[in-house]
Amino acid sequence: MTLLHLIIFFSSFIVGFSSSGENPFTPKSYLIRYWNKEIRNSKSDPSFLLSKASPLSTVDSASFSKLAAQNSLSTHLPAFCSSANLLCFPDLAPSLEKHDKDSDFAGYADRNFTNYGTDRLGGADSFKTYSSDRNLPVDSFRRYSRDSSGHKDKFNNYASNGNVVDQGFNGYATGSTGGSGEFAKYADSVNVPNLDFTSYSDDSNGRSHSFTSYSENANAGSQKFASYGKNANGAPNDFKGYGTSVNVVGSGFSGYGQSGNAVNDTFTNYGNEGNNPQNNFKSYGDGGNAAIETFKNYRDKSNVGDDSFQSYAKNSNSAKVNFVNYGKSFNEGTDKFTGYSQGGKSHTVGFKIYGVNNTFKDYSKKGVTFATYNNASVKTEQKSEAMALSGSLVKKFVEPGKFFRESLLKKGTVMPMPNIKDKMPKRSFLPRSILSKLPFSSSKISEMKQIFHADDNSTMEAMIVDSLSDCERAPSPGETKRCVGSAEDMIDFAVSVLGRNVAVRTTENVRGSNQNVMVGSVNGINGGKVTQSVSCHQSLFPYLLYYCHSVPKVRVYEADILDPNSKAKINHGVAICHLDTSTWSPSHGAFLALGSGPGRIEVCHWIFENDLTWTIAD
């Protein structure tokens, strides 16, 4: 290259920098040049992708890229997360605070209570409205109330209305005598809760725990009780209103009450009216003595759902287990009892008004009674009840207007619009120069956890594992898919499927959410013909990660959205109609809302905030 060419080359960057105010070497400037090179359509607007571009400066981008190449990003994680606008959890330092008297914690958040309340005699501590309305609250209670006597803990309105809540109770109340732990309205109405009770109340004597309105109205996420109440003596636990009205929340009870003596556990209204709740009881009450377990109205009136009882009450002595109104979901779920109460002595197990679709394997044949057990043949009145329950659950878990028929997309139609606001934490793409140096594979999970400081059984670990699972899942028949963590990767995927003459679209704003709207002018993309699109949906991950997949046999529309009273334009929406639903699950929310089944109807929905769809440009 001659000197003249070099002068002209760098002058073009200087002109661009001075006219736009953007340094020509930043990730955002690189994205602009990449878009102009790859997209052969001058009318297509890149502003959405530019809003998600990495905010890193030229210097920071180069510095973190070098650290990534040296496998040293983990030592600079706080600075990296802050500069790159990532989702990272704070590293909580051990608490050195001493509390030798009653304490009232209100308005606290992101704290680590280590060895708190150890060896306390009597007294009470109260956590009220703790971590409420927080985004990404992280709290850790390690060895809390350990070896205490008569100490009472109260958690009221704890972590309510939070987003991506991470709470860990490790070694809580281990070896304690008497006292009580009370959790009322704990993690209520949270999004993606990760609640972990490990070795909770192990080796305790006569200490009671109460979970009332625990994790109600939650969305996704999981709760884990591992070695809860193990080797405990006379420790009653009461779960009332646990996980009611949740949406796809998983609960795991592993080694719960194992080898306990006279343990008394009650599950009342557990998992009721939920949408596909997942509950797993493994080695629950195994080897226990004179334990009493009661499941009353468990998973009642829920939609589908799966429960697994493995080695439950196995090798126990004089155990009493009672299932009343268990699993009467209106759409059949799955229940598996493996090695249940096997090898037990003098036990009694009763199933009264028990649901359908259940598997009993290696089940103790003595001391077990089944009363009013519902088989797969459902009576007419039960079908009517199921239809009523289906309607009530649709109102809870399928917002009005979330799914609709294509015939509604015409001028003048008044229809409800769901809440299309993005509920994910705000994050940015990574520059490709950094992303290409980071591991992204289930075979590299240890390295990924090390980079992002993800402890075992933490929310961060769950986020990484779940996203990898989705990204590595085999595509459906006719589907092409890819997970992308940079804007350049998304452009490449869309172009590989649709060609270079493409346009990207999303709904303009969130106005109209949760209210009736009127459809204004409607424009069918590609003349309203059946076409192919690439839809991209966010995944919960440290950096902005999109799950993109080709969607065949669709029609895509743009429509003005009007206020139904003033007729003023308040939004410009993008809707996609799926014409082939034959591979969808029968329990899909669309069929609950619209009253049909796979392959029988088309299903339309709006493109929500920060989701997008690519099509061949008009």
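A residue counts as buried when its relative accessible area is under 20%, as exposed when that area is over 50%, and as partly exposed in between. D560, at 18% relative accessibility, is therefore buried, because 18% lies under the 20% cut-off. The model under discussion is a predicted one.

**Salt bridges**

Twelve salt bridges are present in the structure. D560 takes part in a salt bridge through its side chain, with K569 as the partner and an N to O distance of 3.4 Å. Two further pairs are R482 with D489 and E479 with R473. The separations for these pairs are set out below.

| Pair | Closest N and O atoms |
|---|---|
| D560 and K569 | 3.4 Å |
| R482 and D489 | 3.7 Å |
| E479 and R473 | 3.9 Å |

**Accessibility of the partners**

In the pair formed by E479 and R473, the acidic residue E479 has a relative accessibility of 15% and is buried, whereas R473 stands at 35% and is partly exposed. For the bridge between R482 and D489, the relative accessible area of R482 is 35%, which places this arginine in the partly exposed class. D489, with a relative accessible area of 11%, is buried.

**Network**

R482 and D489 also belong to a wider arrangement: through salt bridges with shared partners, R432, R482, D489 and D492 are joined into one network. Within this network, D489 is a buried member and R482 a partly exposed one.

Methods
Residues are numbered from 1 along each chain as its sequence is written. This is a predicted model: local features need pLDDT of at least 70, side-chain atom pairs count only at pLDDT 80 or more; totals for chains, interfaces and linings use all residues. Side-chain values use heavy atoms; hydrogens and water are left out. A salt bridge is a side-chain nitrogen of Lys or Arg within 4 Å of a carboxyl oxygen of Asp or Glu. Buried means under 20% relative accessible area, exposed over 50%, partly exposed in between (1.4 Å probe, protein chains only).
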